[in-house]
Each structure stands twice: as C-alpha cells, then as structure tokens.
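The following explanation leads through a protein model step by step. Please keep the sequence and the coordinates at hand while reading.

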Amino acid sequence: VTLVGVSNIFILGVANLLTPRAALAASEGGAPELIRVLSRAALLVGLALGSFCLFVAATGDLLAVLAYREQYQGTGMILLFLALAMLMSGLGMIAGNGLWAIDRPRANFFGDLCGFSVTLLAAVLLVAPWGALGAAAAALLGASTATVVRGLMLFRFLATYRLQPKAS
C-alpha cells in the first residue's frame, strides 16, 4: 500500500488544481466548459497513473523487493491491483469534483456508500481465500464501483445542468 500510495500525492495535487478550475468552468462556461476541464484532468490522471499501472504490470514485484527485500517476492499482482485502485480513485476524484462544481456534492456520498459496500462485501468474500491479494482485489472493486457511480451521477446531472454559459 505504501509503494502505491505515493501516487496519492499526485492525485491530491490534481484535486487541488482541479477544484477551483472546475467551479469556474461550471460557473462561467456551463456544462460544455466543465466537461472540457474534467476531460483534460481525466486524460492527465489516466496517462500518469495508467503509465504507473503499466510499469507495475511490467515489473511485477520489483518495487516491493527493492523496498522490502526478498520476503516480498510474489507480490506483483497485489501491487497491480492496488495501482489500478489508485487509478480508479483518481478518476473518481475527477467525477467528484464535477459533482461539487454543479452543486451536487451529496451525490459523492452515494458513490462513497456504494464503493464502501462493495469493498466490504468483497473483503468478506475474498480475504479468507486469497489473503492480501483478496484485500487488494476488494480495494480495486470498491474504488471502481465508487468511480462508476460518481461518473454516472455526474452525466445524469450534467444533462439537466444549464448548458449555456452564464450571461455577462
């Protein structure tokens, strides 16, 4: 978790830049401008964290072995699941910023609730038979669920959000 969690610094940085930009885009440019800002952020996060996921997939347990020695050999799949969970969390953060920008922050709670529920259920089902890999899979499933729910809710609310920029 620590090795993959370093990418959380990147996610927090993007979130700190995105929050005011998304609010300004929604306020001044309406849904089209907000979609443009969110799309660019998603491309940035997707490329950066997607590249990290590809690196982890290609190198397997190399990072864990370098950091923690031979006792962590065979953890490549765990690292990959956790890296993919971070990618999904980053994309979910972008959708969450979009929901805040269009004054629908409560929708984030529903996404979080769905993600938490899936994580908990998956952990109950997967940790006993798979151990740490099951926990990583549960984290990935929960993060993916939260991201999908937030994204669907954002698209739903954007359909009813004023489509034109505010008149000056």
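Just after helix α4, Asp 103 adopts a positive phi of about 65°. The model in which this residue appears is a predicted one, and the helix that comes before Asp 103 is a useful place to begin.

Helix α4 covers residues 76-101. Its 26 residues should span 38 Å at 1.5 Å a residue, and because the end C-alpha atoms are 38 Å apart, the expected and the computed span agree. Helix α4 is also mostly covered, with 21 of its 26 residues buried.

Helix α2, residues 7-59, presents another picture. It has 53 residues, for which a straight helix would reach 78 Å at 1.5 Å a residue, yet its end C-alpha atoms are only 17 Å apart. Where does α2 bend by about 145°? The bend is located at Gly 29, and a proline, Pro 32, follows within four residues. Beyond the end of α2 comes Gly 60, whose phi is positive, near 60°.

The two helices can be related through one residue. Ala 42 belongs to helix α2. Is Ala 42 buried or partly exposed? With a relative accessible area of 28%, Ala 42 lies above the 20% under which a residue counts as buried and is therefore partly exposed. Leaving aside residues up to four places away in sequence, Ala 42 touches Leu 91 and Ile 94. Gly 90 is 48 residues from Ala 42 in sequence, while the C-alpha atoms of the two are 8.2 Å apart in space.

The view may now be widened to the whole chain. The protein contains six helices and zero strands, so that, by the DSSP assignment, its elements run α-α-α-α-α-α from the N terminus on. Taken along the principal axes, the box filled by the C-alpha atoms is roughly 65 × 30 × 20 Å. Among contacts between residues at least 6 apart in sequence, 73% join residues at least 24 apart; the contacts of Ala 42 with Leu 91 and Ile 94 offer a local illustration of residues that touch.

Burial and surface complete the description. Of the 168 residues, 42% count as buried. The protein exposes about 9500 Å², and carbon and sulfur atoms supply 70% of that area. As for charge, there are 10 positive and 6 negative side chains, and the centres of these two sets lie 11 Å apart.

Notes. Residues numbered from 1 in each chain as written. Predicted model: local features only at pLDDT ≥ 70, side-chain atom pairs only at ≥ 80, totals over all residues. Heavy atoms only, no water. Helix = DSSP H or I, 4+ residues; strand = E, 2+ residues; numbered from the N terminus. Expected span 1.5 Å × (residues − 1). Bend = angle between axes of the 7 residues up to and from the residue. Buried < 20%, exposed > 50% of the residue type's maximum accessible area, 1.4 Å probe, protein only. Contact = heavy atoms within 4.5 Å. Areas by Shrake-Rupley, 256 points an atom, 1.4 Å probe, with all protein chains shown as cover. Lys, Arg positive; Asp, Glu negative; His and termini not counted. Charge placed at Lys NZ, Arg CZ, Asp CG, Glu CD.
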